[in-house]
Amino acid sequence: MAKSNRPEAWHDSYKAIFDKFGCIRLTMEQVSVCMGIPARYVRKRYPEGWTNMAGNEGSGRGNTIRLDTLLDQEFGTY
């Protein structure tokens, strides 16, 4: 098994956020809460990996990001 390039803090963050929300796909509002930034800046700070789950193109509603993708961007491990 290959060793992960992700630091221990990445894994600790993953566990803490997963324990709080109970899922691996987070909305912009959830990211805002767990990362401590205003929702309007979430996509600017974490531009990669967003998926529109509701099919509402352009509305911003239904956008989610995988927790591992979010943390890879935060820790620079992607």
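Strands here are DSSP runs of E at least two residues long, numbered from the N terminus. Keep in mind that you're looking at a predicted model.

**The whole chain**

Start with everything in cartoon. You should find 4 helices and 3 strands, and walking from the N terminus the order is α-β-α-α-β-β-α. Switch to a surface: the accessible area comes to about 5,200 Å², with 50% of it belonging to carbon and sulfur atoms. Of the 78 residues in the chain, 27% are buried. If you draw contacts between residues at least 6 apart in sequence, 51% of them join residues at least 24 apart.

**Thr-64**

Now select residues 63-66, which form strand 3, and pick out Thr-64 there. Is Thr-64 buried or exposed? With a relative accessible area of 9%, Thr-64 falls under the 20% cut-off, so it counts as buried. Show its side chain together with that of Arg-25, and you'll see a polar contact of 3.3 Å between the two. Leaving out residues up to four places away in sequence, Thr-64 also touches several others, including Leu-26, Thr-27, Gly-49, Trp-50, Thr-51 and Met-53.

**Gly-62 and the loop**

Step back to Gly-62, in the loop between strand 2 (50-52) and strand 3. Gly-62 is partly exposed, at 30% relative accessibility. Draw a distance from its C-alpha to that of Trp-50: the two residues are 12 apart along the chain, and the viewer should give 9.8 Å.

**Tyr-46**

Next stop is Tyr-46, in the loop between helix 3 (42-45) and strand 2. Despite the loop address, Tyr-46 is buried, with a relative accessible area of just 1%. Which residues does Tyr-46 touch, once those up to four places away in sequence are set aside? Select Val-31, Met-35, Ile-37, Leu-70, Gln-73 and Glu-74 to see them. Then add Arg-45: its side chain and that of Tyr-46 are joined by a polar contact of 3.3 Å. For one more distance, go from Tyr-46 to Leu-71; they are 25 residues apart in sequence and 9.2 Å apart, C-alpha to C-alpha.

**The cysteines**

Finish with Cys-23 and Cys-34. Cys-23 is partly exposed at a relative accessible area of 25%, and Cys-34 is partly exposed too, at 23%. How many disulfides does the structure hold? The count is 0, so no pair of cysteine sulfur atoms lies within 2.5 Å.

Note on methods:
Residues numbered from 1 in each chain as written. Predicted model: local features only at pLDDT ≥ 70, side-chain atom pairs only at ≥ 80, totals over all residues. Heavy atoms only, no water. Buried < 20%, exposed > 50% of the residue type's maximum accessible area, 1.4 Å probe, protein only. Polar contact = N/O pair within 3.5 Å; in protein donor to acceptor, adjacent residues only side chain to side chain. Contact = heavy atoms within 4.5 Å. Areas by Shrake-Rupley, 256 points an atom, 1.4 Å probe, with all protein chains shown as cover.
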